[in-house]
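Student: I should like to learn how to read the features of a protein model. May we work through one together?

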Amino acid sequence: MSPVLPSLEFRLPIAPTPSFYHRIRFFCAALRRLGPGYADAPVQVTVGDRADMKKVGNENRWSENFPIQWHRVPDELCEKHGYFGTSDFRYFLPESKADLVILADADTAVVRPLGDALTWMLRDEASIAGHMAHGPPPVTVRARPEMKSADLWPYLFGEFSIPWPGQLSGYSMDREGRLPLVPAYYNLGFVVLNRTALALFRERIAEIRDHLNAIVVSEMRCQMAVTLLSYRHGMQRQNLSADFNAANDERHLAHNQVSLEDIRVIHYLRPSELDRESFLGPDQRDHFLRASLHNPVNRLLQDLAREIFAYGCESDDLAVSGKGDARS
C-alpha cells in the first residue's frame, strides 16, 4: 500500500518589488506543473516594507489563478525588525489546515515531487526537517566580539540553557572538514514544520528572537533562531539531503554528491551566471532562456523556465502541463 502523503502549505517572505513578484510567480508555476498536491497547495506570502496591498493586488493579477494569499506585515514589525520581521511573520499567519508547512525562500523552485520523505512528520510530536546551512553564520557576539566561530554554538546553547546535543552534523559546504560538528542549523531556503512545531514557533519565536538580538548581531538571526527554538523544545528532526535544497553552486553539488536527476528543490542564490533580481523579468528572461550555462543546476533551472514560459511562444502567459497527481 502506498504511504499517505502529507498535505502541504508553502510560506515565503518578500518585499513589494517586481523582482520578488516574478520569483513568486515562477515558484507557483513550478508547483502547478507537478499536479494535485502541489498545484493546489496554498502559497502564503508575507509582504514587508509597509506594503500597499491594493497595489500588490493590482500588480499581481496573475495570482488570481493560483492558490496564493498575500499578507501585509504589520508596520511595527517592519519598523523594529525589518526583513527579519517579514520572515518571522510567517509563523503568525492564520492556522494552517495542511499537515506540513514549508518555509521557503523566494529564490527557490520545486522541480520534482518531494516523495514520501516527509511522511514521518505526520505525528503529534513537534517535528522539523531541513538541509544543513553551508557554513557557520557570520555573527558578532556583543559580549565577546573576538569569539571564534567554533565557540559560537556552545556559547548560544549555554545562553539559552539548552543541553548540548549528542548528535551533531557538519556544515553542507565544509569540504575539508575543518569546522567542528554542530547542532542542526538549517538553511531557511527550505524548512519543514509539522503543525505542532508551527504552534511552538508561533508561541515562542518572539522570546527567542528578542534574547538572540540582545546578545548577537547577525544577518542570519532567523536561521539561528530556528535552531535554538527547535532544540529548546526537543523537536524531532531530520537533516534533509542536498536534493531538497540544491544550491546553484558546483562546490555544494560536489561535496554533497548531488545527482541532477534527484534534485527536488533548486535554490538559485548564487549570482555567477544569473541575477536572481532580474533574470525572470521581461527584459532579461529571453536572454536567460537562450544563454549557454555551465552550472548544471542553472541549466536545470533554465529547462524549468523554458517549460514554464513555453519558450518560443509569443504569449507571456505561464504554460502549465497538469501532469496529474505527482506527489509520490
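Student: Is arginine 251 buried, partly exposed or exposed?

Tutor: This is a predicted model, and the reading rests on relative accessibility. Arginine 251 has 41% relative accessibility, so it counts as partly exposed, because that class lies between the limits of 20% and 50%.

Student: Where is the place of arginine 251, and which residues does it touch?

Tutor: Arginine 251 belongs to helix 7, residues 250–255. Leaving aside residues up to four places away in sequence, arginine 251 touches Met173, Arg175 and Arg270. Its side chain also makes a polar contact of 2.8 Å with the side chain of aspartate 249.

Student: How is asparagine 245 to be read, as buried or exposed?

Tutor: Asparagine 245 has a relative accessible area of 2%, and is therefore buried, the limit for that class being under 20%. Asparagine 245 is found in the loop between strand 10 (236–239) and strand 11 (246–247).

Student: What surrounds asparagine 245?

Tutor: Beyond four places in sequence, asparagine 245 touches His131, Asn187, Gly189, Phe190, His252, Val265 and His267. With one of these, histidine 267, asparagine 245 shares a side-chain to side-chain polar contact of 3.0 Å.

Student: Which residues of helix 4 are buried, and against what do they pack?

Tutor: In helix 4 (residues 152–159), the buried residues include Leu152, Trp153, Tyr155, Leu156 and Phe157. The buried residues of this helix pack against strand 7 (140–141), helix 5 (195–215), strand 9 (216–217) and helix 6. After helix 4 comes serine 161, with a positive phi near 55°.

Student: How does one find empty space in a model, and how much lies in the largest pocket?

Tutor: Rolling a probe the size of a water molecule over the atoms reveals where empty space is left. Here the largest pocket holds about 750 Å³ of space. It is lined by 29 residues, of which Asp105, Glu219, Met220, Gln223 and Arg276 are the closest to its centre. Two or more lining residues come from each of helix 1 (18–32), helix 3 (75–88), strand 8 (186–194) and helix 6 (221–232). By class, the lining comprises 14 nonpolar, seven polar and eight charged residues.

Student: Where does pLDDT stay under 50?

Tutor: Where pLDDT is low, the predicted coordinates should not be read in detail. In this model, pLDDT stays under 50 over residues 311–328, a stretch with 42 contacts beyond four places in sequence. For the protein, the average pLDDT is 93, and 94% of the residues score at least 70.

Note on methods
Residues are numbered from 1 along each chain as its sequence is written. This is a predicted model: local features need pLDDT of at least 70, side-chain atom pairs count only at pLDDT 80 or more; totals for chains, interfaces and linings use all residues. Side-chain values use heavy atoms; hydrogens and water are left out. Helices (H or I, at least four residues) and strands (E, at least two) are DSSP runs, numbered from the N terminus. Buried means under 20% relative accessible area, exposed over 50%, partly exposed in between (1.4 Å probe, protein chains only). A polar contact is a pair of N or O atoms within 3.5 Å; within protein, one must be able to donate a hydrogen and the other to accept it, and residues adjacent in sequence count only if both atoms are side-chain atoms. Contact means heavy atoms within 4.5 Å. On a 1 Å grid over the protein atoms alone, a cavity is a set of points where a 1.4 Å probe fits but cannot get out, and a pocket is an open set with protein on both sides within 12 Å along at least five of seven lines; lining residues have an atom within 4 Å of a point. Grid points are joined across faces, edges and corners, and a volume is the space filled by probe spheres set on the points. Ala, Val, Leu, Ile, Met, Phe, Trp, Tyr, Cys and Pro count as nonpolar, Asp, Glu, Lys and Arg as charged, and the others, Gly among them, as polar. pLDDT is the predictor's confidence in each residue, from 0 to 100.
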